[in-house]
Amino acid sequence: MIKVKICVDFSKHSYPDKSLTVKSSNIVDNLTDNPYFPTLADKVALLKSKNELFGELLAKVENGNKQMTAEKNQARVDLEEILRSIALNVQDISQGDEVKILSTGFDINRKAAPVGVLGQVVNVQVNQSKISGSLDVTLDVLEHAKSYIVRYAKYPIS
């Protein structure tokens, strides 16, 4: 059996405010009376209350002020923290069992797959920078590349 990892990213990038309330509600529904995770009942109740509070503040902030926005943002941080905590508990209890994890409503990380040999970088442009002694280098992004190594020489070999 291949162990899978649960996704613990609940940032605004992954879940905008309204999507986070929907995701949290789905997790609460799936974890309530889930036979695989009976020990998480207290945390699920806490998650439900934090999600309801966040939903109420989200509705109020549309007509609110900066204080309401700050309260909503703090409620979101609290909600993200309890979601991460429950996700890590689910990971531990399930021991990486995909069926058990998916029964909770949480997402799993993509399974790693080899990328293979990357192609050559194209559309490389080097221009003199406004800062003395430096250059601006631009290039087309290479999919799956994590970093680039740029080497230069005054007199290239070839």
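Is Arg76 buried or exposed? In this predicted model, Arg76 is buried, with just 2% relative accessible area. Its salt-bridge partner is Asp17, and the two side chains meet at 2.7 Å, N to O. Asp17 sits in helix 1 (residues 17–31) and Arg76 in helix 3 (residues 66–94), so this pair ties together parts of the chain that are 59 residues apart in sequence. Asp17 counts as buried too, because its relative accessibility of 15% falls under the 20% cut-off.

Arg76 and Asp17 don't stand alone, either: a network of salt bridges links Asp17, Lys72, Arg76, Glu80 and Arg84. One piece of that network is the contact between the side chains of Glu80 and Arg84, a salt bridge at 3.2 Å, N to O. Here both partners belong to helix 3, four residues apart, or about one turn of the helix. Glu80 is buried at 13% relative accessibility, whereas Arg84, at 30%, is partly exposed.

Helix 1 also has a link to a loop. The side chains of Lys23 and Asp107 form a salt bridge at 3.1 Å, N to O. Lys23 is in helix 1, while Asp107 lies in the loop between helix 4 (98–102) and strand 1 (125–128), and the pair connects distant parts of the chain, 84 residues apart. As for exposure, Lys23 comes out buried at 11% relative accessibility, and Asp107 partly exposed at 33%.

Taking the whole structure together, the search turns up five salt bridges. Among them are Asp17 with Arg76, Lys23 with Asp107 and Glu80 with Arg84.

Terms used: Residues are numbered from 1 along each chain as its sequence is written. This is a predicted model: local features need pLDDT of at least 70, side-chain atom pairs count only at pLDDT 80 or more; totals for chains, interfaces and linings use all residues. Side-chain values use heavy atoms; hydrogens and water are left out. A salt bridge is a side-chain nitrogen of Lys or Arg within 4 Å of a carboxyl oxygen of Asp or Glu. Helices (H or I, at least four residues) and strands (E, at least two) are DSSP runs, numbered from the N terminus. Buried means under 20% relative accessible area, exposed over 50%, partly exposed in between (1.4 Å probe, protein chains only).
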